[in-house]
Amino acid sequence: GKKDVKEDIGKYVSSYVDGKGDPYEFFRLIFHTIRVSLIKQGIDIDPILYEAGVKVGETLYEKVKNPDINKLAENIAMFWESHNLGHVEVLDLDPLTINVTDCFECKSLPPIGRPACAFDSGILKSVFSAHFNDEQVVNETKCYALGDNYCSFIIQNKE
């Protein structure tokens with residue numbers, strides 16, 4: 001349902017404009033502002049972000065793939081790092097658990113009471129489905145938008 005998102009977009013925009021002019025930050029600003037505006041209108045774009053993530057993940061897999069899951073995870077972490085998307089850490093292999101700090105997708109979102117990283121979830125789903133050659137399900141259990149100080153994704157075989 002529609003969440004009452006209390007956020008001053010003007011304040012957010014001016015904090016960027018006063019900043020160092022990092023192009024990554026500018027795109028994060030655009031993404032964030034559109035997203036918060038849609039949330040305020042009661043529009044849930046998570047399914048669209050998820051589908052977009054799945055598509056991006058299919059392309060990304062070709063760049064990060066490795067038969068060794070630790071190498072694959074390392075490649076994903078390096079990609080995230082080099083594109084200012086956050087810091088990725090593999091916490092566990094069974095079930096596969098990935099934590100992301102400084103998450104580009106949600107770190108600046110106001111608390112909305114639910115996990116908000118649909119784009120990341122879509123990417124992880126297609127990357128690991130391709131890796132395991134079997135459909136995976138991604139559950140985000142922690143998120144900045146839930147008030148946590150990192151995001152956590154559990155990736156498992158679809159039952």
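Two strands are taken to pair if DSSP finds at least two bridges between them. On that basis, in this predicted model, 4 strands come together as an open sheet with the order 1-2-4-3 and antiparallel pairing. Strand 1 (87-93) and strand 3 (136-142) sit at the edges, each pairing on one side only. Averaged over the sheet, and with direction ignored, neighbouring strands are turned by 25 degrees against each other.

A good place to look inside the sheet is the junction of strand 2 (residues 96-101) with strand 4 (residues 151-157): these two strands run antiparallel and are joined by 5 bridges. Readers tracing the register may start from Thr97, whose bridge partner in strand 4 is Ile154. Helix 4 (residues 69-82) packs on the sheet, where it touches strand 1 and strand 2. The direction of helix 4 makes about 160 degrees with that of strand 1. Helix 5 (residues 118-132), in turn, lies across strand 2, strand 3 and strand 4 and runs at about 140 degrees to strand 3.

Next comes helix 3 (residues 46-64), which bends by about 30 degrees at Glu58. The buried residues of helix 3 are Asp46, Leu49, Gly53, Val54, Gly57, Leu60, Tyr61 and Val64. Their cover includes helix 2 (23-40), along with helix 4 and helix 5.

Finally, the aromatic side chains deserve a look. The structure holds 4 aromatic pairs, and ring pairs link Phe31, Phe104 and Phe119 into a cluster.

Methods: Residues are numbered from 1 along each chain as its sequence is written. This is a predicted model: local features need pLDDT of at least 70, side-chain atom pairs count only at pLDDT 80 or more; totals for chains, interfaces and linings use all residues. Side-chain values use heavy atoms; hydrogens and water are left out. Rings of Phe, Tyr and Trp (its six-membered ring) pair if their centres lie within 6.5 Å; planes under 30 degrees apart count as stacked, over 60 as edge-to-face and the rest as tilted. Axes are lines fitted to C-alpha atoms, for helices over the stretch in contact, and angles run from 0 to 180 degrees between N-to-C directions. Contact means heavy atoms within 4.5 Å. The bend at a residue is the angle between axes fitted to the seven residues ending there and the seven starting there. Buried means under 20% relative accessible area, exposed over 50%, partly exposed in between (1.4 Å probe, protein chains only).
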